[in-house]
Amino acid sequence: MTKDELIDYLTQKNSRLEATHDAIYRLFGWISISLFIIAGTLLLLNLRENRRKDSKIYNSEQYIRHSIQAQEEERKRISLELHDSVAQDLRYVSLLAEGLEDKVAAQKILDTQNANIESIRRLCYNLTPPAIDSASLVPSLELLAHKIFDIGHGGTQFRIVCEPSVSFAGWSRERLMHLYRIVQEAMQNIQKHANAGELTVFFKKNGDHLKVIITDDGEGMDPALAKRINSETFGAVANMHFGLRNIVERTKLLGGKVAFSSEEGCGTMITVEV
């Protein structure tokens, strides 16, 4: 083989090797892209499955019941601490103030302490209301409204209407407490955010179901938020305001449904059917 033939042979051999290398690189590239796509798809499917599982767990009755029970226990603990510690300390300061020589200053301290003690009493009542039965539910809600809205002293006008056909006989204390807390959360949200002049709580029969309609003439809420709550999706419930979430979760435990209807500046209507 001549020198030129050898060079030509080696050139052809090198070209074939380069072509083989290019083919291998392209194959490796396609394999890498395919693996990346497969990995990404599996990751998305895994995230979707985890979200589905999270949604199922979060919306399960067992999870909600456990969460509500933990809330009630924490309410009792805070109420007991306020009553046995803070309120007692305030009363002790009032006793000390009575011994001051400056009676004007003493009276100011007493007035302030008495107002603080009354605020703590209202807070304790909100946290742990007295035992509620079928006969005391409506009167308990009326008393609660007076404490929240300071009715009779220029506060929001409140009325509660209960159709004669409505009866809570046979309701367990747990179910009555859920209903009480639903109305309480609604009233507290209205007191804090709505700037309402009037509030109505209406209990009525709807076939075999009980319908609770809570309306106010306040500033209303964002219609988009109301729509998001009504969608009953995991994200909407998990990320909403604590009070609104409490209404939704307790309604679920009652086996019912809740709907929010509102326009900014036109008040809000909350309809609970159980």
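Biologist: Let's start in helix H8, residues 242-253: about how many helical turns separate Arg245 and Glu249?
Modeller: Keep in mind that we're looking at a predicted model. Both residues belong to helix H8, and they sit 4 residues apart. That spacing puts Arg245 and Glu249 apart by about one helical turn.

Biologist: And how far apart are the closest N and O atoms of Arg245 and Glu249?
Modeller: Side chains of opposite charge can pair when their charged atoms come close. Arg245 and Glu249 do pair up as a salt bridge, and both residues are buried. Their closest N and O atoms are separated by 3.9 Å.

Biologist: How many salt bridges turn up in the whole structure?
Modeller: We've just met Arg245 with Glu249. Arg159 and Glu198 form a salt bridge too, with the closest N and O atoms 4.0 Å apart. A search of the whole structure gives a count of 2.

Biologist: How many residues lie between the positions of Arg159 and Glu198, counted as their separation along the chain?
Modeller: Arg159 is in strand S1 (residues 157-162), while Glu198 is in strand S2, so to speak of "distant parts of the chain" is fair here. Arg159 is partly exposed at 44% relative accessible area, and Glu198 is partly exposed at 39%. Along the chain, the separation of the pair is 39 residues.

Biologist: Zooming out, in what order do the helices and strands run from the N terminus?
Modeller: There are 8 helices and 5 strands in the chain. Write α for a helix and β for a strand, and read from the N terminus. The order is α-α-α-α-β-α-β-β-α-α-α-β-β.

Biologist: Is Ala145 buried or exposed?
Modeller: Ala145 is part of helix H4 (residues 137-149). Phe158 is 13 residues away in sequence, and the C-alpha atoms of the two are 7.1 Å apart in space. The cut-off for buried is under 20% relative accessible area; Ala145 has 0%, so we call it buried.

Biologist: Which non-glycine residue has a positive phi of about 55 degrees?
Modeller: Most residues other than glycine have a negative phi. The residue you're after sits in the loop between H5 and strand S2 (198-206). With a relative accessible area of 60%, it is exposed. Its name is Asn195.

Biologist: Which element gives the largest share of the lining of the largest pocket?
Modeller: That pocket has a volume of about 330 Å³. Of its 14 lining residues, the closest to the centre are Asn189, His193, Gly220, Met221 and Leu244. Two elements give two or more residues to the lining, helix H5 (173-194) and strand S5 (268-273). The largest share is 5 residues, and it comes from H5.

Biologist: How many residues of that lining are nonpolar?
Modeller: The lining divides into three kinds of residue. One kind is charged, with 1 residue, and another is polar, with 5. The nonpolar residues number 8.

Biologist: Last one: which helix gives the most to the nonpolar surface patch?
Modeller: The patch covers about 540 Å² and is made by Tyr92, Val93, Leu95, Leu96, Leu100 and Ile109. Val93, for one, is partly exposed, with a relative accessible area of 34%. With 4 residues in the patch, the top contributor is the helix spanning residues 61-98, namely H2.

Notes: Residues are numbered from 1 along each chain as its sequence is written. This is a predicted model: local features need pLDDT of at least 70, side-chain atom pairs count only at pLDDT 80 or more; totals for chains, interfaces and linings use all residues. Side-chain values use heavy atoms; hydrogens and water are left out. Patches are made of residues with over 30% relative accessible area and no salt bridge: like charges are joined within 9 Å, nonpolar side chains (Val, Leu, Ile, Met, Phe, Trp, Tyr) within 5 Å. Accessible areas come from the Shrake-Rupley method with a 1.4 Å probe; for residues, only the protein chains shown count as cover. A salt bridge is a side-chain nitrogen of Lys or Arg within 4 Å of a carboxyl oxygen of Asp or Glu. Buried means under 20% relative accessible area, exposed over 50%, partly exposed in between (1.4 Å probe, protein chains only). On a 1 Å grid over the protein atoms alone, a cavity is a set of points where a 1.4 Å probe fits but cannot get out, and a pocket is an open set with protein on both sides within 12 Å along at least five of seven lines; lining residues have an atom within 4 Å of a point. Grid points are joined across faces, edges and corners, and a volume is the space filled by probe spheres set on the points. Ala, Val, Leu, Ile, Met, Phe, Trp, Tyr, Cys and Pro count as nonpolar, Asp, Glu, Lys and Arg as charged, and the others, Gly among them, as polar.
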